Amino acid sequence: MTAGGNLVEVENLVKHFPIRKGFFSSRVTGYVQAVDDISFAVARGETLGLVGESGCGKSTTGRLLIRLLDPTSGRIMLNGADLAHIPPEELRARRRDVQIIFQDPFSSLNPRKTVEGIVAEPLVVHGIGTRAERQARVAELLKLVGLAPDHARRYPHEFSGGQRQRIGIARALALNPKFIVCDEPVSALDVSIQAQIINLMRDLQKELGLTYLFISHNLAVVRHIADRVAVMYLGKIVELTDKNALYESPKHPYTQALLSAILIANPERKRQRVVLTGDVPSPMAPPKGCRFNTRCPLAEPRCREIEPPLIDVGSGHKVACHLVTR
């Protein structure tokens with residue numbers, strides 16, 4: 001549910017990782033084109049799902065948005081400020097507004113710190129509150145995510161996977177952020193626990209007015225939480241639209257193949273499976289033209305020569321495919 005107006009606007013975002021010949025060499029021999037000229041916006045109070053195969057660039061996109069990585073080029077607008085180009089001292093202050101929930105709820109928590117130390121760390125880093133005030137804030141956050149205040153004295157290994165992810169969510173909420181990148185936050189959890197965490201995140205979004213970028217390879221989970229969905233392939237966004245339009249009438253051949261792989265709970269219902277042949281091309285040398293042309297069963301000669309732009313085909317449904325936009 002959106003509250004109106006865009007909180008985040010990404011324009012022509014690029015991230016290329018240099019490849020060097022040797023460990024100590026400074027000579028660049030090529031680039032990994034992890035994210036290559038993508039643009040999208042996230043409205044206030046909205047959840048934008050970002051989906052695609054492993055290695056398509058979705059996690060890199062999330063890390064760029066919170067400036068864990070520096071972009072090669074492009075703009076990342078948050079509340080009117082360009083996070084990609086602001087001075088370091090201003091970026092530090094802006095970091096309060098953007099946080100991340102990591103995929104692995106165990107490795108993302110410091111095993112040597114208590115839960116209180118983990119959740120209060122953002123407050124300490126930004127010099128917020130006295131020790132007593134931080135302890136009170138930790139107790140408040142733990143209660144908010146469904147944990148008991150006395151859990152603050154325990155260590156991460158004393159909790160289950162779902163409880164550890166609740167601790168990670170509490171830490172992400174410590175500074176009252178406006179925007180949270182959720183990097184596959186439930187993929188390491190049991191299915192029953194996944195539902196609990198997704199429902200918790202939805203409740204927190206309504207209560208606190210949060211805006212999410214929800215990164216996942218699980219399209220069934222994304223359908224449950226997202227308002228709109230962007231589909232990535234080899235560093236490019238190939239389709240972007242409202243979730244209902246995407247799941248009911250996908251336009252791009254890659255999106256159709258992804259959706260055909262979702263299991264249906266009703267054994268009497270049948271779905272025609274679209275099986276893609278070949279391997280995903282290397283991001284070091286993406287194919288000319290449409291990046292999906294080497295695996296697309298509908299590819300035409302122009303698909304191998306001309307890169308299709310991401311075009312609105314009606315009602316805000318954007319697709320990068322010559323066959324759809326001709």
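A residue is called buried here when its relative accessible area is under 20%, exposed when this value is over 50%, and partly exposed in between, as calculated with a 1.4 Å probe on protein chains only. The structure is a predicted model, in which local features need a pLDDT of at least 70 and side-chain atom pairs count only at pLDDT 80 or more, whereas totals for chains, interfaces and linings use all residues. Residues are numbered from 1 along each chain as its sequence is written, and side-chain values rest on heavy atoms, with hydrogens and water left out.

Side chains of opposite charge can pair when their charged atoms come close. With a salt bridge defined as a side-chain nitrogen of Lys or Arg within 4 Å of a carboxyl oxygen of Asp or Glu, the structure holds twelve such contacts.

One of these joins R63 to D183, with the closest N and O atoms 2.6 Å apart. This pair links distant parts of the chain, since R63 lies in helix α1 and D183 in strand β7 (residues 179-183), 120 residues apart; helices (H or I, at least four residues) and strands (E, at least two) are DSSP runs numbered from the N terminus. D183 is buried at 3% relative accessibility, while R63, at 24%, is partly exposed.

A further salt bridge is formed by the side chains of R295 and E53, at 3.1 Å from N to O. Here R295 belongs to the loop between α9 (253-260) and β11 (311-312) and E53 to the loop between β3 (47-51) and α1 (58-65), the two being 242 residues apart. R295 is buried, with a relative accessible area of 8%, and E53 is partly exposed at 25%.
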